[in-house]
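Trainee: Could we go through this structure together, with the reasons behind the words people use for it?
Mentor: Gladly! Have a look, and then ask away.

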2 protein chains.
Amino acid sequence: MATLGELGEAAVLSRIFPRLPAAATTLVGPGDDAAVLRAPDGRFVVTTDTMIEGPDFRMAWSTPHDLGWKAAATNLADVAAMGAVPTALVVAIAAPPETDISVLEGLADGLRGACEAMAPGCGVVGGDLSSSSVFTIAVTAFGDLQGRAPVLRSGARPGDVLAVSGPLDLAARGLALLFERGVVDGIPDAELAAALRGEFPDEVDAQLAPTPPLADGRAAALAGATAMLDVSDGLAIDARRIADASGVQLDLDSAAVGSAASLTGGEAHALLATFPADAALPSGFRAIGRVEAGRGVTVDGQPYDERGGWDPYSDWDGDR
Amino acid sequence: MATLGELGEAAVLSRIFPRLPAAATTLVGPGDDAAVLRAPDGRFVVTTDTMIEGPDFRMAWSTPHDLGWKAAATNLADVAAMGAVPTALVVAIAAPPETDISVLEGLADGLRGACEAMAPGCGVVGGDLSSSSVFTIAVTAFGDLQGRAPVLRSGARPGDVLAVSGPLDLAARGLALLFERGVVDGIPDAELAAALRGEFPDEVDAQLAPTPPLADGRAAALAGATAMLDVSDGLAIDARRIADASGVQLDLDSAAVGSAASLTGGEAHALLATFPADAALPSGFRAIGRVEAGRGVTVDGQPYDERGGWDPYSDWDGDR
């Protein structure tokens, strides 16, 4: 066991690099001033998302492997939501000097595991290691559209079918379980979290190490999806984003949506897409509503304006 | 005046977006799950670097404009060091909820100012906003090789000329001045720093808002540079990186290098490159040594092994 501060940057990097997944599109990999990647169709998709200890994860609940896995999965879901195939990640980590090297090794293993499981050929092509008192993981992810047009939020048309791939409420149920039964006097507890994970593996895994249906992004694009996004802040909020961007109304079918928690649960990372009425939904997608003329989101034809979802500034109580 | 926590994410973003520079290569800009950029020659250059309050900057010394400027400049220098033209940035910011919106507005203005001054056509195509008790700026930068081969660290050959574009010691002298005369009882002081900046504008600007010679990266590639990097950790350390990667020895001419501080000063962001002996050095570059058979770095033919430079874990005293 040794800390990052004891080892120094060069030794830390030499222990992490071999564990990272390689990217098939790499022309120049880690080790120079920058990486060079192939962009076969003359374009590339890029998105960035950060995970911060406190608002986004607790070390007592998440294993290092979970952190790497989730950082990859959530960013790659945004790539998939464009209809692209994930190709590569760059990963900037800021960690306290007293962090044990095993934490970064586990994080690297989680990045590799997520890429291998959900996006074969996708790898880590660069990164940065800094010192901070708050453990921070900033990932930027890339994708290849393979010659297709990107699937934007703005393409939904009245008459389209609204469909989703992936569970909507598991991650939120996992988080609720952790807050209810994974704390001692309000403090996240590793043993309780591990026991909960044994009892509710689907819910807790969906929260701590999600497996979004990344391959379904490309499938949706091939099936003619007119709009798509990654459900990160809850179905109702994210459906409204498609409605607003497309200038249409989305009507959700409550029976198809299922639980009320499915409307508001964040961090689902399901893919929400609209398809022409005559399109065959790709396997993985299930219809949960339809696109109509109008504005905003309705449920069973009734206006739905209840706020639900996650705002990093409004929702996070730093003292919690 | 209003804080990020009072405004919430959507309102903050709506105030920042209009201030950000647009990128000429943008096909899909901010607002969807991901951006889509053109990669005209079927490749793109990517690098990432993070600035953390404490080890990398002090709010008392740096204006918000400085922070945006430096975050852009340091990342774009890595792009230029590949011989590429900077095209775009994505910017992930983590800030305390009590941060005033004017800080992010100033930071956005600094990103725009740096792009306009050093890399016209380069812009911000995406980002992420999170809550953290430690102000953190994680930038990922992109570049276009315009059909050329990237200039790696590994291409220097015996007989080449070693040359540099940009000052080597100004930034380190600026930092030394700030630590010597910009503190009260060891605490960074805004008024003292502002006064120092008036007295030593070149030195303090080089540290707080550097202007690396980004266009010289492309010029070096066109002139046939065989190896290149961005001097971030000090000339001696970074010269050794070229020597190690290329399997050669770099001999520095002390008279051409100038001050001893030029050998060890970090954060210069000068471009260090090797050129064939018969190449005409592009304007901006000055010869400071030559490439020889052997290993490591020598100065006037004498071995130079003194350690100099910056390690984020070994060098940062968090209490300082």
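**Strands, sheets and helices**

Mentor: Let's start in chain B, where S4(B) and strand S6 (residues 136–144) run antiparallel and are joined by nine bridges. Keep in mind that this is a predicted model.

Trainee: What makes S4(B) and S6(B) a pair?

Mentor: Pairing needs at least two bridges. S4(B) and S6(B) have nine, so they count as paired. One example of a bridge is B:Val90, whose partner in S6(B) is B:Thr140.

Trainee: In which sense does S4(B) pair with S5(B)?

Mentor: S4(B) and strand S5 (residues 123–131) of chain B pair in the parallel sense, over eight bridges. There, B:Leu89 stands opposite B:Val124. Both senses are possible, because strands of a sheet pair through backbone hydrogen bonds, either parallel or antiparallel.

Trainee: Why is S4(B) called mostly covered?

Mentor: A residue is buried if 20 or more other C-beta atoms lie within 10 Å of its own. In S4(B), residues 85–95, eleven of the eleven residues are buried, so "mostly covered" suits this strand.

Trainee: How many residues of S3(B) are buried?

Mentor: Ten of its ten residues, 43–52, are buried. B:Arg43, B:Val45, B:Thr47, B:Asp49 and B:Met51 point one way, while B:Phe44, B:Val46, B:Thr48, B:Thr50 and B:Ile52 point the other way. That is a pattern to remember: in a regular strand the side chains alternate between the two faces of the sheet.

Trainee: Which strands does S3(B) pair with?

Mentor: Among them is S6(B), joined to S3(B) by eight bridges and running antiparallel; B:Thr50 has B:Ala138 as its bridge partner there. Another is strand S2 (residues 35–38) of chain A, also antiparallel, with four bridges. Across that pairing, A:Arg38 stands opposite B:Arg43.

Trainee: What is the sense of the pairing between S3(A) and S2(B)?

Mentor: Antiparallel, over four bridges. Here A:Arg43 has B:Arg38 as its bridge partner.

Trainee: In what order do the strands of the open sheet with S3(A) and S2(B) come?

Mentor: The order of its six strands is S5(A)-S4(A)-S6(A)-S3(A)-S2(B)-S1(B), with mixed pairing. The edge strands are S5 (123–131) of chain A and S1 (26–28) of chain B.

Trainee: What makes those two edge strands?

Mentor: Each of them pairs on one side only. From one strand to the next, the twist of this sheet averages 25 degrees.

Trainee: Now the helices. Why is H3(A) called oblique to H4(A)?

Mentor: Helix H3 (residues 64–80) and helix H4 (residues 101–118) of chain A pack at about 40 degrees, with axes 6 Å apart. Roughly parallel would need an angle under 35 degrees, and roughly perpendicular starts at 65. The angle fits neither class, so H3(A) is oblique to H4(A). H3(A) passes H4(A) in a right-handed crossing.

Trainee: How do the residues of that contact divide by class?

Mentor: Into 14 nonpolar, five polar and two charged.

Trainee: And why is H5(B) oblique to H6(B)?

Mentor: The axes of H5 (residues 170–181) and H6 (residues 190–199) of chain B cross at roughly 140 degrees and come within 10 Å. Roughly antiparallel means over 145 degrees, and roughly perpendicular ends at 115. Therefore H5(B) is oblique to H6(B). The contact joins B:Leu177, B:Leu178 and B:Arg181 of H5(B) with B:Leu192, B:Ala193 and B:Leu196 of H6(B).

Notes. Residues are numbered from 1 along each chain as its sequence is written. Chains are lettered from A and ligands numbered from 1 in the order in which they are written. This is a predicted model: local features need pLDDT of at least 70, side-chain atom pairs count only at pLDDT 80 or more; totals for chains, interfaces and linings use all residues. Axes are lines fitted to C-alpha atoms, for helices over the stretch in contact, and angles run from 0 to 180 degrees between N-to-C directions. Two residues are in contact if their C-beta atoms, placed from the backbone, lie within 7 Å. A residue is buried if 20 or more other C-beta atoms lie within 10 Å of its own, exposed if 12 or fewer, and partly exposed in between; C-beta atoms are placed from the backbone. A crossing is left-handed if the near helix is turned anticlockwise from the far one by less than a right angle, and right-handed if clockwise. Ala, Val, Leu, Ile, Met, Phe, Trp, Tyr, Cys and Pro count as nonpolar, Asp, Glu, Lys and Arg as charged, and the others, Gly among them, as polar.
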